[in-house]
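Work through the exercises below with the sequence and the model open. Try each task before reading its solution.

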Amino acid sequence: MTDFVAVARWDELEEGKLLGVEIDGEPVCLAKINGVIYACNGECTHIGGRLYEGELEGSVLTCPVHGAQFDLRTGKVLRGPARQDLVLYPVRVEEGLIKVALPPE
Ligand code: FES
């Protein structure tokens with residue numbers, strides 16, 4: 001069974017912004033796009049830049065280190081140097097809390 005963990009309050013994450021959180025020591029990047037919360041690995045698939053410190057424009061997340069771009073709705077790489085897509089995590093919003101489940105190992 002997948003465990004959903006509360007990581008932030010809904011109102012802590014502003015529309016169009018990113019937020020870095022951790023689950024069991026794993027960095028996770030949250031984003032709110034048109035009122036929908038997305039969650040992905042917090043480290044860039046290139047060489048581990050902190051994606052939650054990057055830029056978000058629409059659904060496009062730009063890594064702050066070398067500028068790789070990803071579509072947060074799909075996880076797909078849009079621009080290198082990253083070649084591997086992001087892993088998107090399931091998200092639930094319950095009682096004003098954002099809950100995220102890491103995939104099973
Ligand atoms: S670490 Fe993200 S593009 Fe290099």
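**Exercise 1: A small sheet**

Task: find how β10 and β11 pair, and place them in their sheet.

Solution. Step 1: β10 and β11 are antiparallel partners, joined by four bridges. Strands (E, at least two residues) and helices (H or I, at least four residues) are DSSP runs, numbered from the N terminus; two strands pair if DSSP finds at least two bridges between them. This is a predicted model, in which local features need pLDDT of at least 70, side-chain atom pairs count only at pLDDT 80 or more, and totals for chains, interfaces and linings use all residues. Residues are numbered from 1 along each chain as its sequence is written, and side-chain values use heavy atoms, with hydrogens and water left out.

Step 2: across this pairing, Arg-92 stands opposite Lys-99 in β11.

Step 3: the open sheet has three strands in the order β1-β11-β10, with antiparallel pairing. β1 (5-9) and β10 (91-94) are at the edges; each has a single partner strand, so one side of each lacks a neighbour in the sheet.

**Exercise 2: A residue after the last step**

Task: describe the surroundings of Pro-103. Is Pro-103 buried, exposed or partly exposed?

Solution. Step 1: Pro-103 lies in the segment after β11 (97-100).

Step 2: its relative accessibility is 41%, so Pro-103 counts as partly exposed. The cut-offs are under 20% relative accessible area for buried and over 50% for exposed, with partly exposed in between (1.4 Å probe, protein chains only).

Step 3: leaving out residues up to four places away in sequence, Pro-103 touches Val-87 and Tyr-89; contact means heavy atoms within 4.5 Å. Between Pro-103 and Leu-88, which are 15 residues apart along the chain, the C-alpha separation is 9.0 Å.

**Exercise 3: Strand β3 and its partners**

Task: identify the strands that pair with β3 and say how they are connected.

Solution. Step 1: β2 (residues 18-23) runs antiparallel to β3, with six bridges joining the two. Gly-20 is opposite Cys-29 in β3.

Step 2: the hairpin of β2 and β3 has two residues between the strands, and Asp-24 takes a positive phi near 50°.

Step 3: β3 is also joined to β4 by six bridges, again antiparallel. Ala-31 has Tyr-38 in β4 as its bridge partner. This hairpin too has two residues between its strands, and Asn-34 in the turn has a positive phi of about 50°.

Step 4: seven of the eight residues of β3 are buried, so β3 is largely enclosed by the rest of the structure.

**Exercise 4: The cores**

Task: which residues touch the most other members of the largest nonpolar core?

Solution. Step 1: a nonpolar core is a set of buried Ala, Val, Leu, Ile, Met, Phe, Trp, Tyr and Cys residues joined through side-chain atoms within 4.5 Å.

Step 2: the largest one has 16 residues, and Leu-18, Leu-51, Leu-56, Leu-61, Phe-70, Leu-72 and Leu-86 touch the most other members. β3 (26-33) and β4 (36-41) are the elements that give two or more residues to this core. β3 supplies the largest share, three residues.

Step 3: another core, of 12 residues, lies apart from this one and includes Val-7, Val-21, Ile-37 and Ala-39.

**Exercise 5: The whole chain**

Task: how many helices and strands does the protein chain have?

Solution. Step 1: the count is zero helices and 11 strands.

Step 2: of the 105 residues in the chain, 41% are buried.
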